[in-house]
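Please open the model in your viewer and keep the selection tool at hand. The tour below goes from stop to stop, saying what to select next and what is there.

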Amino acid sequence: MLSVHKYPLALGALLTVGICLLAPNVLADSVTERGERFERIVDSDGQRYALIGSGVFRYMIWTAYAGAYYQLEGETEPQPLSNVPRRLELAYFHDIEAADFAEATEKTLKASLTLYEFNQIEEDLERLNQGYRDVTPGDRYLLSWDGEALQLALNGDVVFEDESVEFASALFGIWLGERPLSDDFRNALLGQR
């Protein structure tokens, strides 16, 4: 049995090593996914958002982008398809053309929504598709719902705005719904790794 009185330096060293190993996880104010940094807390337009989860989206053999999902601070239970203020930030690793975003968004929404639901959002989708811009590695799209308005911003510049909570939930559902692009990515964003 180890006596604290006989080996005070050894015990101190063990405690120091243990604290150093735990400290980065406890004290870090951000997370990193494949070199992309995401803050744990984000202040925006008078609201404070807390990170729920983060991960990397892989498409076939490519690592396409890293992402982080946030909800209004205090809303710790993931509610990506509700009226809770929320944000999804995606950081891209490859060039993607605006037309590819538009095509993928429409295809995914048609596959995940009923015909009636799709018809209800079709006009909003057409406007969104016109707002998309090409991305290059390092660019970030931010999809946000503040409880009243939906925004899509590229590197901080708003490219689309809408006031429909139904359309907001449809868009968040692409990554966080019942039939997401990737179950693994959705689970990581929802903190369920």
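What follows is a walk through one strand, its surface side, a set of rings and some charged pairs.

Before selecting anything, note that this is a predicted model, in which local features need pLDDT of at least 70 and side-chain atom pairs count only at pLDDT 80 or more, while totals for chains, interfaces and linings use all residues. Residues are numbered from 1 along each chain as its sequence is written, and side-chain values use heavy atoms, with hydrogens and water left out.

**Stop one: T63**

Select T63, which belongs to strand β5, residues 62-72; helices (H or I, at least four residues) and strands (E, at least two) are DSSP runs, numbered from the N terminus. Is T63 buried or exposed? T63 has a relative accessible area of 15% and is therefore buried, where buried means under 20% relative accessible area, exposed over 50%, and partly exposed in between (1.4 Å probe, protein chains only). Now show the side chain of R34, because the side chain of T63 makes a polar contact with that side chain at 3.4 Å, a polar contact being a pair of N or O atoms within 3.5 Å, where within protein one must be able to donate a hydrogen and the other to accept it, and residues adjacent in sequence count only if both atoms are side-chain atoms.If neighbours within four places in sequence are left aside, T63 is in contact (heavy atoms within 4.5 Å) with R34, V56, F57, R58, F93 and H94.

**Stop two: the rings**

Next, select F57 and Y65, both of which are buried. How many aromatic pairs does a search of the whole structure find? The search finds 10, where rings of Phe, Tyr and Trp (its six-membered ring) pair if their centres lie within 6.5 Å, and planes under 30 degrees apart count as stacked, over 60 as edge-to-face and the rest as tilted. The ring centres of F57 and Y65 are 4.9 Å apart with their planes at 15 degrees, so this pair is stacked. Add F185 to the selection, and you will find that Y65 and F185 form an edge-to-face pair, with 5.8 Å from centre to centre and 75 degrees between the planes. Because Y65 lies in strand β5 and F185 in helix α5 (residues 183-189), this pair ties together parts that are 120 residues apart in sequence. Both Y65 and F185 are buried. To see the wider group, select F57, Y65, Y92, F101, Y132, Y141 and F185, which ring pairs link into a cluster.

**Stop three: salt bridges**

The structure holds 10 salt bridges, a salt bridge being a side-chain nitrogen of Lys or Arg within 4 Å of a carboxyl oxygen of Asp or Glu. Select E73 and R48, whose side chains meet in one of them at 3.1 Å, N to O. This pair links distant parts of the chain, with E73 in the loop between β5 and β6 (86-92) and R48 in strand β4 (residues 47-59), 25 residues apart. E73, with a relative accessible area of 41%, is partly exposed, and R48 counts as partly exposed at 37%.

Then move to R127, which forms a salt bridge with D124, their closest N and O atoms being 3.6 Å apart. Both residues lie in helix α3 (residues 115-131), 3 residues apart, about one turn of the helix. R127 is partly exposed, with a relative accessible area of 39%, whereas D124 counts as buried at 15%. Finally, add D162, which also forms a salt bridge with R127, with the closest N and O atoms 2.5 Å apart. Here too distant parts of the chain are linked, since D162 is in strand β9 (residues 157-162) and R127 in helix α3, 35 residues apart. At 9% relative accessibility, D162 counts as buried.
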